[in-house]
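Visitor: Hi, I have a model open and would like to walk through it with you. Can we start with the cysteines?

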Amino acid sequence: MTTATLPPLEAKRIGPTLTPDRSRVLMRPYYPSSDEIARRIVGRVLALSDADVARLLAQVLGEFEDRHEHVETFFRDRFAQVRHYLEEAWDTSPERQALIGTLFTHEYSPESTALFNPSIVPHPDQSGLPSGALRFILSLRATGEGHISSVTFRTGVVGPQHRITLTPPVPFVTEPERMPNPAYEKALFGRKLQEAGVQNDFCGRVLDRLPEVFTLEDLHRILSAERRQMDPADAAAERAVRGILLLAESNYEVRFASSSRVSQRVLFPSTASARNGIEDARFVRFEEDDGRVTYYATYTAYDGRITLPQLLETPDFVHFKFATLNGPAVQNKGMALFPRKIDGRYAMLSRQDDESILLMSSDNIHFWQGPKLLLRPAQPWEFFKIGNCGSPIETDSGWLVLSHGVGPMRKYCLGAFLLDLADPSRVLGRLREPLLAPNEAEREGYVPNVVYSCGALRHGRQLVIPYGMSDYATSFAIVSLDHLLAAME
C-alpha cells in the first residue's frame, strides 16, 4: 500500500468528552489501625443510650440515604463483619448494629481523579435501535483516592451518521457480590500451580484428595487436614499452602444485581495481587467456533510493586470471572486477545520486553508462552517504545491493530498496523505518521502529552476510537476505515 497521492491521515475528533465525576461514590469497608482501637470504637457505641443511638443513626441515614441504595442494609451487613469485636454476651438492637456499621464504613469516589484509557465493545442487547445504529458498552479506567484504579462502565449508541450519544449514568454506583463458593477444575488448578512454581509433594497430596471439580470450601477443608499432619518446620509445605490459597483467591467470580444498570457497576480491586488497581482493561467480543459469544478483557493487576497481566470473562456484564494468566510469556503490560481463534488456537498481542509488539498463540486461554517479535519501534514518534491499543479488528484486508508509540518528552500518539488474516505474524502495512496525537486542549492532565486507547469499534466503514486524554478524561475520534487501510505502508 502507498500514501504517495494521499494527504496525511488524522482521525477526526467528534466527542463527547467524559470527565471524572466525583459525585459517584461507593460505600466501602473502613478499618481502624488496630483491633484494640476497633474494640474501643464498638465500646463507645455500646455505652450510648437507646435514644442517642436512634438519634445518631437517623442523622447518618438522613445524610447518606440519598447518595446510595439500601444504605441501612449495608450498615447492618457491615456490622456482621465486625461483630467479633463485641463480647459474646452482647445482643444489640438492629439500630445499634447499624450504627456500629456506620463507623466501619466510608465513601470512596472511584473516579475522583481520572476517567481514562477506554475500551469499547458492542452491547449484548441491540434491540430497539434504528437501522444503522449500534449500541455499545464503554469500559473506563477510573482512578480515585490513593491512585487506586477500578473498572467503570458507560453505555451509548453510534448513530447511522456515526454520531456518538452517551446514556447519562445513574447516580448510584455499586460493587458486585463475590460468589460465596466458586468451583475450580482440578486439572487446570494443578497446571497453574506448576506454572507458578508452587507444585511440590505437599501440593500433590492436596490435589490427590480433591475431586475433579472442587469448591473453595473443599480446598480449605483438605488444607486444614493436611496441615495438621505436616511438620511445622517444613518451610516448603508452608510456602505451598500460601501459594495454593493465593491462587484460589485470585481466581473468583462476582455478580451484580441483574436489575442494576451497566453504568452503576464498578469492578473495584479486591485481591492481594490487585490491591492497588485493575488497570487498562482491554475488552473484546470473542466468538467461539460454534458461535457462542464471551466478552473477555485482559487487564493489569497492580499490588503497589508488581504488575501482572490477568483475565476477566463475562457473558453479559452482570456475572464476571477473574482468572490468573500463567506461563513464561505472562509478563509486562498490554496483552490483547484476538476476537476469535486462528487455526484452532487463541492468539494474543503482547509486549514482554517493554519496547516492542510480540505475537503468541495458545491452545488454552489461561497459559501463554513462546512470544515472537512482530514490530519494533521505527518512526521518531515511537522511538522509545510501542504497544497495542486494544484487540485486533477483523477487516477484509487483514487484522487492523491500533497501536501507541512513545517518543520525545514521553509523548504518546496513536498509530495503526495491519496483519494477515490467516497468518498474523505477517505485517502487511503500517502507518508512518500518527493517526492521533495530543493537541493543545489534550496535553494537560495527570500524565501530560498522552492520547491512549484500550480498544476501538468498527461501525460500517468507519472506525470509532475512544481515547484517554493525558490520563485524565476520555473523548472520541472517528476515521474512515478505507482511508486508514489505504494509508498503510
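Visitor: Is Cys454 buried or exposed?

Guide: Cys454 is buried, with a relative accessible area of 0%. Buried means under 20% relative accessible area, exposed over 50%, and partly exposed in between, using a 1.4 Å probe and protein chains only. Before we go on, this is a predicted model, where local features need pLDDT of at least 70 and side-chain atom pairs count only at pLDDT 80 or more, while totals for chains, interfaces and linings use all residues. Residues are numbered from 1 along each chain as its sequence is written, and side-chain values use heavy atoms, with hydrogens and water left out.

Visitor: Thanks! How many disulfides does the structure hold?

Guide: The count is 0 disulfides, a disulfide being a pair of cysteine sulfur atoms within 2.5 Å.

Visitor: Why is there no bond from Cys454 to Cys389?

Guide: Because their sulfurs are 7.1 Å apart, which is too far for a bond, and Cys389 has the closest cysteine sulfur to that of Cys454.

Visitor: And what about Cys413, which cysteine sulfur is nearest?

Guide: Again that of Cys389, 11 Å away, and Cys413 is in no disulfide. Cys413 counts as buried, at 3% relative accessibility.

Visitor: Switching topic: which residues have the most contacts inside the largest nonpolar core?

Guide: They are Leu400, Leu402, Leu435, Leu463, Ile465, Val479 and Leu484, in a core of 26 residues. A nonpolar core is a set of buried Ala, Val, Leu, Ile, Met, Phe, Trp, Tyr and Cys residues joined through side-chain atoms within 4.5 Å.

Visitor: Which elements give two or more residues to this core?

Guide: Strands E23 (398-406), E24 (412-419), E28 (462-469) and E29 (473-480), plus helix H9 (481-486). E28 gives the most, with 4 residues. Helices (H or I, at least four residues) and strands (E, at least two) are DSSP runs numbered from the N terminus.

Visitor: What is Leu484 in contact with?

Guide: Leaving aside neighbours within four places in sequence, Leu484 is in contact with Leu9, Leu400, Ala416, Leu431, Leu435, Leu463 and Val479. Contact means heavy atoms within 4.5 Å.

Visitor: One last spot: where is Leu188?

Guide: Leu188 is in helix H5, residues 186-195. Not counting residues up to four places away in sequence, Leu188 touches Asn364, His366 and Phe367. Leu188 and Phe367 are 179 residues apart in sequence, with 9.9 Å from C-alpha to C-alpha.
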